[in-house]
Amino acid sequence: MSRTALAFAILGALNWLCVGLFGVDAIALAFGGPISTVSRTLYVVAGLAGLSALTMLAPQRRRSRRYD
């Protein structure tokens, strides 16, 4: 997972934390409401980053060693 994707996943998680604790959608507040193009774009990017984070749950494939 790239650092950029991780940063957006964290941004999305922090936004949901603000919604849950304070009832404030920080992204919508900062970018002109929940239906603004910028807000919706950030929601989509954060969601895709979260989906990308799912790959961290998959077991890592190990390279098999060839013994000659």
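Contacts between residues at least 6 apart in sequence are a good place to start: in the protein chain, 40% of them join residues at least 24 apart. Keep in mind that this is a predicted model.

What elements does the protein chain hold? There are three helices and zero strands. Read from the N terminus on, the order is α-α-α. The protein chain has 68 residues, and buried residues make up 18% of them. The accessible surface of the protein chain comes to about 5900 Å². Carbon and sulfur atoms account for 65% of that surface.

Now look at two of the helices. Helix α1 covers residues 3–22, and helix α3 covers residues 37–53. These helices pack against each other. Two packed helices are described by the angle between their axes and the distance between the axes. For α1 and α3, the angle is about 115 degrees, and the axes lie 8 Å apart. That angle makes α1 roughly perpendicular to α3, because angles of 65 to 115 degrees count as roughly perpendicular. The crossing of α1 past α3 is left-handed.

Which residues make the contact? From α1 come Ala5, Phe8, Ala9, Gly12 and Asn15. From α3 come Leu42, Tyr43, Val45, Ala46, Ala49, Gly50 and Ser52. Sort the residues of this contact by character, and eight are nonpolar, four are polar and none is charged.

Two more residues of α1 are worth finding. Ile10 sits in helix α1. Is Ile10 buried, partly exposed or exposed? Its relative accessibility is 44%, so Ile10 counts as partly exposed, since that class lies between the cut-offs of 20% and 50%. Ile10 and Ala46 are 36 residues apart in sequence. In space, their C-alpha atoms are 8.1 Å apart. Ala46 is one of the α3 residues in the contact with α1.

Ala13 also has its place in helix α1. Ala13 is partly exposed too, at 47% relative accessibility. Its partner for a distance check is Gly50, 37 residues away along the chain. The C-alpha atoms of Ala13 and Gly50 are separated by 8.9 Å. Gly50 is another α3 residue that takes part in the contact with α1.

Finally, turn to helix α2, which covers residues 26–30. Leu29 is found in this helix. Is Leu29 buried or exposed? Leu29 has a relative accessible area of 66%, so it is exposed. The cut-off for exposed is over 50%. Leu29 and Ser39 are 10 residues apart in sequence. From C-alpha to C-alpha, Leu29 and Ser39 are 9.0 Å apart in space.

Definitions and conventions. Residues numbered from 1 in each chain as written. Predicted model: local features only at pLDDT ≥ 70, side-chain atom pairs only at ≥ 80, totals over all residues. Heavy atoms only, no water. Axes fitted to C-alpha atoms, helices over the stretch in contact; angles between N-to-C directions. Helix = DSSP H or I, 4+ residues; strand = E, 2+ residues; numbered from the N terminus. Parallel < 35°, antiparallel > 145°, perpendicular 65-115°, else oblique. Left-handed = near helix turned anticlockwise from the far one by under 90°. Contact = heavy atoms within 4.5 Å. Nonpolar A, V, L, I, M, F, W, Y, C, P; charged D, E, K, R; others polar. Buried < 20%, exposed > 50% of the residue type's maximum accessible area, 1.4 Å probe, protein only. Areas by Shrake-Rupley, 256 points an atom, 1.4 Å probe, with all protein chains shown as cover.
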